[in-house]
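Welcome, and thank you for taking a look at this structure. Please keep the sequence and the 3D view at hand while you read.

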Amino acid sequence: MTLKDCYTSLGGNFDEVLGRLRREQTVQKFIYKFLDDKSYSLFETSMANQDYDEALRAVHTIKGICQNLSFTKLYEISNAITQVLKEGDYNKAAEMAPQLAKDYSQTIHAIGEYKRSQEA
């Protein structure tokens with residue numbers, strides 16, 4: 001699997017991120033770091049505990065990372081949830097959370113597949 005294939009699989013824009021970060025090795029370094037980021041688990045816990053300020057902070061962090069790494073699909077849902085949490089529409093955010101979970105899982109899976117292909 002190539003890095004471009006990974007981006008296709010996760011619904012991202014490889015050409016955009018490569019234009020920003022310049023080298024595939026740099027892109028690879030940062031997508032691997034994404035695997036260790038705790039923002040998504042913090043979002044889930046915060047939503048479950050109805051700590052919406054912390055949930056907003058967590059999903060806003062996800063949004064920023066996704067924007068920088070051109071994870072377009074995950075960026076779109078995290079941006080949408082950021083907006084509804086800022087507006088105080090907690091029920092809408094909860095309704096959108098399963099889509100965030102699906103897109104996050106797809107992203108993590110694609111990066112994991114890419115990483116395993118590089119280690120083989």
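The report below walks through one helix, its charged and sulfur-bearing residues, the salt bridges, and two residues with positive phi.

This is a predicted model, in which local features need pLDDT of at least 70, side-chain atom pairs count only at pLDDT 80 or more, and totals for chains, interfaces and linings use all residues. Residues are numbered from 1 along each chain as its sequence is written, and side-chain values use heavy atoms, with hydrogens and water left out.

## Helix α5 and its buried side

Let us begin with helix α5, which covers residues 52–69. Helices here are DSSP runs (H or I, at least four residues), numbered from the N terminus. At 1.5 Å a residue, the 18 residues of α5 should span 26 Å, and the end C-alpha atoms are 25 Å apart, which agrees. The expected span is 1.5 Å times one less than the number of residues in the helix.

Which residues of α5 are buried? They are Y52, A55, A58, V59, I62, K63, C66 and L69. These residues lie on the same side of α5, because they cover an arc of only 140° around the axis. The arc is taken from the directions that run from the helix axis to the C-beta atoms. In this report, buried means under 20% relative accessible area, exposed means over 50%, and partly exposed is in between (1.4 Å probe, protein chains only).

The buried residues of α5 pack against α1 (3–10), α2 (14–21), α3 (24–36), α4 (39–48), α6 (72–86) and α7 (90–119). Contact means heavy atoms within 4.5 Å.

## A buried lysine

K63 deserves a look of its own. This residue of α5 is buried yet has no salt bridge, and the nearest side chain of opposite charge, E87, is 12 Å away. For charges, Lys and Arg count as positive and Asp and Glu as negative, while His and the chain ends are not counted. What does K63 touch, not counting residues up to four places away in sequence? Its contacts are Y75, S78, N79 and T82.

## Two cysteines without a disulfide

A disulfide is a covalent bond between the sulfur atoms of two cysteines. With the cut-off used here, the two sulfur atoms must be within 2.5 Å. A search of the whole structure finds zero disulfides. For C6, the nearest cysteine sulfur is that of C66, 13 Å away. C66 is in no disulfide either, with the sulfur of C6 as its nearest cysteine sulfur. C6 is buried, with a relative accessible area of 0%, and C66 also counts as buried at 1% relative accessibility.

## Salt bridges

How many salt bridges are there? The count comes to four, where a salt bridge is a side-chain nitrogen of Lys or Arg within 4 Å of a carboxyl oxygen of Asp or Glu. The table shows some of them.

| Acidic residue | Basic residue | Closest N to O |
|---|---|---|
| D15 | K4 | 3.7 Å |
| E16 | R20 | 3.7 Å |
| E113 | R116 | 2.8 Å |

The pair of D15 and K4 links distant parts of the chain, with D15 in helix α2 and K4 in helix α1, eleven residues apart. D15 is exposed, with a relative accessible area of 52%, whereas K4 is partly exposed at 42%.

E16 and R20 are four residues apart in helix α2, so they are separated by about one helical turn. E16 counts as partly exposed at 40% relative accessibility, and R20 is partly exposed at 41%.

E113 and R116 both lie in helix α7, three residues apart, or about one turn of the helix. E113 is partly exposed, with a relative accessible area of 32%, and R116 is partly exposed at 47%. An α-helix has 3.6 residues a turn, so residues three or four places apart point the same way.

## Two residues with positive phi

Most residues other than glycine have a negative phi. R22 has a positive phi, near 75°, and is found in the loop between α2 and α3. R22 is exposed, with a relative accessible area of 66%.

S70 also has a positive phi, near 60°. This serine follows α5 and lies in the loop between α5 and α6. Is S70 buried or exposed? At 2% relative accessibility, S70 counts as buried.
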